[in-house]
Amino acid sequence: MTQFLIGMAAVSIFISTSAFAAVPQYKLNMRVGLKGSAPISINTVTKSGKKAYISEFSDDGQNETIVEVMARKSQQNSKAGLYMDVTVTKRVRGKQKVSERTQLFAPENQETEYGVGAKGKTAGNLSLAVVAHQL
């Protein structure tokens, strides 16, 4: 009987700790624009602390825009959300043309917009709008 109770206690501890160990998942709705081009809309699901890659080809298949997002759960000014490292690369006929990087915080269920130029000025090379929803 004692072994049964110890076994049940071990199972309940395992279940309760595994519930806390679950990594949160987020749905990201993103609009990404490079060098003043029309923004592309991207929807993806990512886990906190994991990389997500999204790729979109142009209609003629010659250009590819690749967005790499490394998101992690964070809190800023008492708002829960995602802190993201974003890298945007454009390939033309297989050759890398443009690469932009940024870091931003996106509060849950609230759109965050970001723009940066070649010399660090707002707007220009990269425009990015993100809405993060926890699943």
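**Notes on strands and salt bridges in this chain**

1. Let's start with the overall picture: of the 135 residues of the chain, 34% count as buried. Keep in mind while you look around that this is a predicted model. The surface that the chain exposes comes to about 8700 Å², and carbon and sulfur atoms supply 52% of that area.

2. Next, the parts list. You should find one helix and eight strands in the chain. Walking from the N terminus, the order of elements is α-β-β-β-β-β-β-β-β. How much of the contact count comes from residues 24 or more positions apart? Taking the contacts with a separation of 6 or more, such residues account for 41%.

3. Have a look at β1, which spans residues 25-34. With strand β2 (residues 40-47), β1 pairs in the antiparallel sense, over eight bridges. These two strands form a hairpin with five residues between them. In the turn sits K35, whose phi is positive, at about 50°. If you want a landmark for the pairing, find R31, which stands opposite S41 in β2.

4. β1 also pairs with strand β8 (residues 126-134), again in the antiparallel sense, this time over nine bridges. Your landmark here is L34, with L126 of β8 standing opposite. As general background, strands of a sheet pair through backbone hydrogen bonds, either parallel or antiparallel.

5. Now for the open sheet of four strands. Which order do its strands take? The order is β3-β4-β5-β6, and the pairing is antiparallel. At the edges stand β3 and β6, each with a single partner strand, so one side of each has no neighbour in the sheet. On average, neighbouring strands of this sheet are turned by 20° against each other, direction ignored. Zooming in on one pair, β3 and β4 run antiparallel and are joined by eight bridges. K50 is the residue to click on there, as A71 in β4 stands opposite K50.

6. On to charges. Side chains of opposite charge can pair when their charged atoms come close. How many salt bridges does a search of the whole structure find? The search finds three.

7. One of them joins R31 and E111, with 2.9 Å between the closest N and O atoms. Why does this pair tie together parts that are 80 residues apart in sequence? Because R31 lies in strand β1, while E111 lies in the loop between β6 (95-107) and β7 (112-116). Both ends are partly exposed: R31 has a relative accessibility of 35%, and E111 has a relative accessible area of 38%.

8. Another salt bridge brings the side chains of K51 and E68 together, at 3.5 Å from N to O. K51 belongs to strand β3 (residues 50-57) and E68 to strand β4 (residues 63-76), so this pair links parts 17 residues apart in sequence. Are these two residues buried, exposed or partly exposed? K51 counts as partly exposed at 49% relative accessibility. E68 is partly exposed too, at 22%; the cut-off for buried is under 20%.

9. Last on the list is R72 with D85, where the closest N and O atoms are 4.0 Å apart. R72 lies in strand β4 and D85 in strand β5 (residues 79-92), so the pair ties together parts that are 13 residues apart in sequence. R72 is partly exposed, with a relative accessible area of 40%. D85 also counts as partly exposed, at 22% relative accessibility.

Note on methods
Residues numbered from 1 in each chain as written. Predicted model: local features only at pLDDT ≥ 70, side-chain atom pairs only at ≥ 80, totals over all residues. Heavy atoms only, no water. Buried < 20%, exposed > 50% of the residue type's maximum accessible area, 1.4 Å probe, protein only. Pairing = 2+ DSSP bridges. Contact = heavy atoms within 4.5 Å. Areas by Shrake-Rupley, 256 points an atom, 1.4 Å probe, with all protein chains shown as cover. Axes fitted to C-alpha atoms, helices over the stretch in contact; angles between N-to-C directions.
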